[in-house]
Amino acid sequence: MITKQKIIVIDYGSQYTQLIARRIREQKVFCKVYPFNKINKKILNDKTISGFILSGGPNSVKEKNSPKFDNKILDLNIPILGICYGLQLICKEFKGKIGQSRSREYGHSIIKVKKQSLLFDKIKHKNQVWMSHGDHIEIEPNGFVVTSLSNDKVISSIENKNKNIFGLQFHPEVHHSLEGKKILSNFLFKICNIKSKFKLEDFLKIKINNLRKELKDKKVICGLSGGVDSTVTSFLLYKAIKKNLFCIFVDHGLLRLNESLEVENIFKKKFGKNFIKVNASQIFLKNLIKIKDPEKKRKIIGKTFIEVFEKEAKKINGVQYLAQGTLYPDIIESIPFFGGPTAKIKSHHNVGGLPKRMKLKIVEPLKELFKDEVRNLGKQLKINSELLNRHPFPGPGLAIRIPGEVDKKKIDILQKVDNIYIKFLRDNLIYNKIWQAFPVLLPVKSVGVMGDERTYSYAVSLRAVTSVDGMTADFYMFNKTQLTEISKRIISQVKEVNRVLFDFTSKPPGTIEWE
Ligand code: XMP
């Protein structure tokens, strides 16, 4: 058991469900997300549940096949907060009336509190909130009172104090709802009476104990990439099982300048003989010859990685477990309401095929955590902060930042450019304001002039984005002085490049990586 009290978020397909979970975790309360159709007896029997939050969703409760409210949760007499679709489900369940507007109310709105409510304790009478709904309540359900109205006189919240059931038409989890955090905090601490906070120090102790019990004297292998997730996974496991952990670092030759050596230095010190580095760059490069298609590149890199890793792992006798740095957002099941499974944009590089092939059990010690929590856990494990705050780096590495054919020469050029660019960001204290920054080596050459000489060299494009989770992103806007300096440094120090472009595409419509 990780905490004595938790909140269950029931997902009805909202794009904001993960955001609700994050907002709860930010207040140091443990929570779990389940799709509405996966709420079973085992979950309902969990005595540590202190409250339910019903998410929004893209459907209308009036549609025949829309997700239904499971009224078994009412028998538990535990506080419930419905948000948007969740509120409408409550309204329907208690025989209120739902109306359908012709157009969606979307964006900022002002609500006025009409009746004192614990949910609105210590928040202003008039509040800016974020709305995104088509349906609305026309007549409040039996036993409920209206506690706030929007400027357009739409019912924006209801409650049944006796039953401890609350509903909000707006989205408190979205930061445009200015008092959203306080409203959620009121629900957690004043209504659900959460006293037991989720502390990472406790998590660490409990996790280490549990890992010791689960793994006993079994051998575990862990693939290291030098990224945050695999690093924290390995440090945590090391604390629990010490010499039974074996870390394999496959250097595919597609890393940043000097990164392979840096990774080796850090981990050799920590794990000694149990750190195994495989220099496989020749194999990867050979397999990538003449490959231009981005998906083919990704598949080849993934497959080669598995082959190299497997070969190395087999050299260690008696391994039974494979450790993976899976995080909570990776395992939250999403509901494909939008007409079937979401279209696959890119096949991500992972080691998903390995455990089955090698008949290994999986251990995923971070699977309850969000990224910011993993970074904090890393701090407690005394991992170097520069490593913990590194920008994300994709599994297929620089290969997907070199559109077209990849070869050693191009990798060398891109490594030099990347090094100059990232150093500039660090030196000017911009690095931590950006979610991810990198250059892309374009498969074009152009004419330039340096001194009196004509040049005919490569062009690079600079990417820099801000984001919360990589799902959407905004391009970061440098000022002219900064762009001038970056471009000057790159062109003067990397003779193979004579043109620097800046990529000002957000996601969507672009993706963060070019391939
Ligand atoms: P995109 O390009 O899809 O990237 O907007 C979103 C985030 O995911 C990272 N990324 C990957 N990470 N394996 C990874 O571990 C991959 O195959 C992979 N492809 C993209 C990307 O760097 C960005 O942070």
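Here are some notes on places to look at in this structure, which is a predicted model.

1. **Start with the ligand.** Which residues come nearest to it? There are 15 residues around the ligand, and Lys346, Gln436, Lys507, Ile512 and Glu513 are the ones that come nearest. If you sort the shell by character, you get 5 nonpolar, 6 polar and 4 charged residues. It's a handy place to begin, since some of these names come back further down.

2. **Polar contacts to the ligand.** Three side chains are worth picking out here. Gln436 has a side-chain N or O atom 2.8 Å from an oxygen atom of the ligand. For Lys507, the distance from a side-chain N or O atom to a ligand oxygen is 2.7 Å. Glu513 also has a polar side-chain atom beside a ligand oxygen, at 2.5 Å. As for cover, the ligand would expose 500 Å² if taken alone, and the protein buries 84% of that.

3. **Two cis bonds in a row of residues.** Stay with Lys507 for a moment. The peptide bond that runs from Lys507 to Pro508 is cis, with omega near -15 degrees. Then look at the bond from Pro508 to Pro509: cis or trans? That one is cis, with omega near 10 degrees. Pro508 sits in the segment after E18, and Pro509 is placed in the segment after E18 too. As background, most peptide bonds are trans.

4. **An aromatic pair between H6 and H7.** The structure holds 19 aromatic pairs. One of them joins Phe235 and Phe271, whose ring centres are 5.9 Å apart, with 75 degrees between the planes. That pair counts as edge-to-face because the angle is over 60 degrees. In sequence the two are 36 residues apart: Phe235 belongs to helix H6 (residues 228-241), while Phe271 belongs to helix H7 (residues 259-271), and the pair links these distant parts of the chain. Buried or exposed? Phe235 is buried at 8% relative accessible area, and Phe271 is buried as well, at 3%.

5. **Another pair, ending in E18.** Phe478 and Phe502 also pair edge-to-face, with 5.8 Å from centre to centre and 65 degrees between the planes. Here too the pair links distant parts of the chain, 24 residues apart: Phe478 is in the loop between strand E17 (474-475) and helix H15 (480-493), and Phe502 is in strand E18 (residues 497-502). Both of these Phe residues are buried.

6. **The ring cluster.** Go back to Phe235 and Phe271 and follow the rings outward. Ring pairs link them with Tyr238, Phe249, Phe267 and Phe275 into a cluster. I'd display these side chains together when you look at this part of the model.

7. **Charges over rings.** Arg426 lies over the face of Tyr431, 3.9 Å from the centre of the ring. Lys445 does the like with Tyr458, where the distance to the ring centre is 5.0 Å.

8. **Positive phi values.** Which residue in the loop between helix H1 (17-26) and strand E2 (30-35) should you check? Lys28 is placed there, and its phi is positive, about 65 degrees, although it is not a glycine. Lys28 is partly exposed, with a relative accessible area of 45%. Asn164 has a positive phi as well, near 60 degrees, and is likewise a residue other than glycine. You'll find Asn164 in the loop between strand E8 (155-160) and strand E9 (165-168), partly exposed at 27% relative accessibility. For context, most residues other than glycine have a negative phi.

9. **Two distances across the chain.** Lys296, in helix H9 (residues 294-313), is exposed, with a relative accessible area of 52%. Between Lys296 and Ser347 there are 9.6 Å in space, C-alpha to C-alpha, and 51 residues in sequence. Then there's Tyr34, in strand E2, which is partly exposed at 22% relative accessible area. How far apart are the C-alpha atoms of Tyr34 and Arg357? They are separated by 30 Å, with the two residues 323 apart along the chain.

Methods. Residues are numbered from 1 along each chain as its sequence is written. This is a predicted model: local features need pLDDT of at least 70, side-chain atom pairs count only at pLDDT 80 or more; totals for chains, interfaces and linings use all residues. Side-chain values use heavy atoms; hydrogens and water are left out. Rings of Phe, Tyr and Trp (its six-membered ring) pair if their centres lie within 6.5 Å; planes under 30 degrees apart count as stacked, over 60 as edge-to-face and the rest as tilted. Helices (H or I, at least four residues) and strands (E, at least two) are DSSP runs, numbered from the N terminus. Buried means under 20% relative accessible area, exposed over 50%, partly exposed in between (1.4 Å probe, protein chains only). A charge sits over a ring if NZ of Lys or CZ of Arg is within 6 Å of the ring centre and within 35 degrees of the ring normal. A residue is near a molecule or strand if one of its heavy atoms lies within 4 Å of it. A polar contact is a pair of N or O atoms within 3.5 Å; within protein, one must be able to donate a hydrogen and the other to accept it, and residues adjacent in sequence count only if both atoms are side-chain atoms. Accessible areas come from the Shrake-Rupley method with a 1.4 Å probe; for residues, only the protein chains shown count as cover. Ala, Val, Leu, Ile, Met, Phe, Trp, Tyr, Cys and Pro count as nonpolar, Asp, Glu, Lys and Arg as charged, and the others, Gly among them, as polar.
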